[in-house]
Amino acid sequence: MSLQSPPAATAAADLPPGPGAGLPPGGELNQGSAAPSSAQESGEDEEEEEEGEKEKEREKLPPIPSASSAAAEGLERGAKNQFSTFSSFITTINQKKEGIGNRNSPTQLVIPNIKNVRDLPPICLDVRQKQRISIDTLPQELKAPIPPEPSLPVRTKTVKDFEDDVEKAKSSGDWKAVHDFYSTTFDSFMEINAAFKKDTSSPFNTIEDSGINVKFVNIVYDALLNTPQDVQKSVLKGIINGLLQEWKGPRTKDDLRAYCILLQNPQFSNTSTYVIYAHLLRQIAALTEADHHFLVHWSKKISQKRFKQLVDRLLQFISLRLFPAKPEEFPPMVKCTWWIPSATKVLALFSRFSFCQYPFIISIAAKKVIIQRDSEQQMISIARQSLVDKVSRRQKPDMNMLFLNVKVRRTHLVSDSLDELARKRADLKKKLKVTFVGEAGLDMGGLTKEWFLLLIRQIFHPDYGMFTYHKDSHCHWFSSFKCDNYSEFRLVGALMGLAVYNSITLDIRFPPCCYKKLLSPPIVPCDHNTLVGICDVTLDDLFQIMPELAHGLSELLSYEGNVEEDFYSTFQVFQEEFGVIKSYNLKPNGDKIPVTNQNRKEYVQLYVDFLLNKSIYKQFAAFYYGFHSVCASYALLLLRPEEVEILVCGSPELDMSALQRSTQYEGYQKTDLTIRYFWDVVLGFSLDLQKKLLHFATGSDRVPVGGMADLNFKISKSETSTNWLPVAHTCFNQLCLPPYKNKKELKQKLIIGISNAEGFGLE
């Protein structure tokens with residue numbers, strides 16, 4: 001998108017976003033294509049000669065005392081700060097040096113007397129503060145020279161004059177006077193100050209008073225949106241002129257005043273102005289820390305209503321750039337990747353903005369990356385601490401101390417795993433490495449995945465009694481049987497946490513309600529007496545676990561007869577535990593309170609709460625603490641319950657075409673006849689058969705958060721007879737496929753294999 005400035009505007013090329021920064025290819029603002037005049041070139045040559053003369057004079061000066069090593073170190077760290085004043089200054093210096101050989105570029109910054117920077121006194125550590133500071137608070141000897149404010153043109157139009165002009169234009173239809181005012185006022189930063197500065201002769205260099213005639217600004221902007229289109233366009237063209245100005249040296253307070261005024265322009269609520277708005281935001285984001293300090297304090301003088309409008313415009317800009325309703329209205333994202341960072345930096349000045357404050361606009365894939373990075377940092381931190389502890393005790397460090405090493409016997413899988421995780425609780429946040437006792441094999445990821453698969457399968461077996469499988473809903477739920485030790489539930493929680501922590505997808509079928517409880521609360525409370533895993537549950541939650549029972553309760557709520565006489569129920573429920581029927585009151589003296597038409601809603605709510613919260617509280621609390629013993633992280637605050645489920649179990653959405661594109665081959669080429677037969681068959685499968693194939697090859701019929709490409713699916717050539725069925729190595733997401741002679745044979749053998757895939761062939 002390109003906007004053209006008026007013919008009389010100064011010729012310039014792409015918009016420089018700030019001191020020393022060039023314009024990327026996306027969303028360029030163009031003034032024209034004219035080259036710089038020879039007068040400009042000769043002026044630059046004169047500047048260069050003046051610099052040479054001044055350099056000779058400075059060589060006669062006494063040497064400058066060097067800064068202390070601590071101050072130098074602090075300066076080096078400070079230079080990494082994106083908004084560091086000295087960093088921006090050094091950037092302009094470097095670009096000046098680079099630009100000596102390329103004087104013909106119309107956007108090249110010209111910084112006269114750059115070498116004067118050597119005359120600046122050293123910056124001390126006590127000056128470099130973490131919080132934003134005003135340059136005016138520094139001692140006089142530490143201040144850099146402040147460029148003088150240029151003299152402003154004299155503009156005598158008052159608020160009343162402007163209002164009279166607008167009224168005359170509305171009544172007569174002649175908008176020339178209003179058009180001239182807007183086009184002149186917004187043509188440059190100097191003109192903006194001339195119109196809206198309370199006193200053009202006063203500097204207004206303090207944070208307490210911006211010197212802006214706020215009333216006049218508000219009236220001008222309020223009237224702007226009701227003017228003809230040519231008037232509004234003249235304002236936008238004038239803003240382009242101001243943004244295309246070549247900056248020489250640091251920004252003046254008049255420049256900051258202009259930025260403060262332009263940010264309040266209501267035209268930037270329209271997406272058609274977003275290219276201009278983006279460049280305005282980029283220049284503001286590139287200002288120094290001291291300049292940001294002024295803008296923040298001056299913005300406090302804006303009324304609450306208008307400040308909210310300013311922030312809302314920024315939020316709308318970010319949202320529409322991320323999720324455009326009409327993508328064709330904007331430049332391609334790859335060409336304007338700087339839009340969002342610039343807007344968020346400016347928004348952060350006024351409202352402490354962070355994307356993490358708005359997790360709904362972050363994709364699940366991005367959240368997974370955040371959690372992975374957080375996990376990696378915790379792994380590195382824990383491993384480093386272990387190494388330091390070893391060295392401090394003068395013990396010989398070894399590589400095993402950097403991992404969570406789990407050694408288990410296949411014949412005692414659950415008990416050994418429980419003992420290992422309980423004994424190595426302090427190491428749970430290290431990288432997981434699994435060893436099966438008596439087997440020679442290095443864990444490169446395959447053994448870890450096999451351990452998860454075998455352990456989950458054994459724990460969730462109905463004979464184990466920890467979980468109940470509900471055939472109607474095809475999901476597991478916690479057994480309400482009371483026991484003396486709930487440590488095995490803690491183990492299951494730790495397993496889920498380890499899976500998320502180590503980016504492994506599990507074949508677990510919990511209802512959505514489970515993940516809602518797992519985030520209640522998302523951060524483990526410091527007070528151990530606080531209840532955990534308790535959340536508001538409804539009849540809809542019960543439908544996802546026990547649909548038949550939920551349907552019966554729903555019928556009770558809609559029953560039109562006499563509930564008390566026809567159902568003859570009380571606020572008491574019964575459960576079977578190890579062959580013994582036990583009764584529980586839903587409320588005090590519940591066995592004596594009949595269920596009536598008036599209290600049946602309360603009865604249903606208490607019954608659902610009992611089944612999903614109270615009857616399994618100890619089991620779920622152990623499960624909750626096990627999960628958070630590994631995954632305790634503020635990153636969980638970003639997640640919704642359904643997103644936790646996707647991280648643990650993967651997504652149910654299958655895209656076999658995407659799997660075909662990302663599949664790797666060993667012994668086959670993707671053009672081989674057998675491979676072509678295979679994909680013809682698979683793409684023609686029903687969804688149920690496709691899920692069976694995925695489960696057969698990977699151990700789960702769900703897709704990782706990153707999509708099919710994250711499966712690293714591989715098809716290998718099996719040298720066995722074509723009479724054999726396909727074989728899968730679920731630990732490596734690998735399918736071994738014999739070279740079947742025709743499509744019919746391949747389809748027949750593949751369906752038999754994936755439909756009878758229970759059990760492991762372990763040597």
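Q: Where does Ser-417 lie in this predicted model, and why is Ser-417 called buried or exposed?
A: Ser-417 lies in helix 15, which spans residues 413-423. Its relative accessible area is 0%, and buried means under 20%, so Ser-417 is called buried. Leaving aside residues up to four places away in sequence, Ser-417 touches Val-408, Trp-451, Leu-455 and Leu-491.

Q: What makes the buried residues of helix 28 line one face of the helix?
A: In helix 28, residues 743-755, the buried residues are Glu-745, Leu-746, Lys-749, Leu-750, Gly-753 and Ile-754. Viewed down the helix axis, these buried residues fall within an arc of 140°, and therefore they line one face of helix 28. The elements against which they pack are helix 26 (673-683), helix 27 (687-698) and strand 10 (734-737).

Q: How do you know what span is expected of helix 28, and what does the helix reach?
A: Helix 28 has 13 residues, for which 18 Å is expected at 1.5 Å a residue, and the distance from its first C-alpha to its last is 18 Å, close to that expectation.

Q: Why are helix 6 and helix 9 described as roughly parallel or roughly perpendicular to each other?
A: The axes of helix 6 (residues 189-196) and helix 9 (residues 253-262) cross at roughly 80° and come within 9 Å. Angles of 65 to 115 degrees count as roughly perpendicular, and the two helices are therefore described as roughly perpendicular to each other. Helix 6 contributes Phe-189, Ile-192, Asn-193 and Phe-196 to the contact, while the residues from helix 9 include Asp-254, Arg-257, Tyr-259 and Leu-262. By class, this contact has 7 nonpolar, 1 polar and 3 charged residues.

Note on methods:
Residues are numbered from 1 along each chain as its sequence is written. This is a predicted model: local features need pLDDT of at least 70, side-chain atom pairs count only at pLDDT 80 or more; totals for chains, interfaces and linings use all residues. Side-chain values use heavy atoms; hydrogens and water are left out. Axes are lines fitted to C-alpha atoms, for helices over the stretch in contact, and angles run from 0 to 180 degrees between N-to-C directions. Helices (H or I, at least four residues) and strands (E, at least two) are DSSP runs, numbered from the N terminus. Angles under 35 degrees count as roughly parallel, over 145 as roughly antiparallel, 65 to 115 as roughly perpendicular and the rest as oblique. Contact means heavy atoms within 4.5 Å. Ala, Val, Leu, Ile, Met, Phe, Trp, Tyr, Cys and Pro count as nonpolar, Asp, Glu, Lys and Arg as charged, and the others, Gly among them, as polar. The expected span of a helix is 1.5 Å times one less than its number of residues. Buried means under 20% relative accessible area, exposed over 50%, partly exposed in between (1.4 Å probe, protein chains only). The arc is that of the directions from the helix axis to the C-beta atoms.
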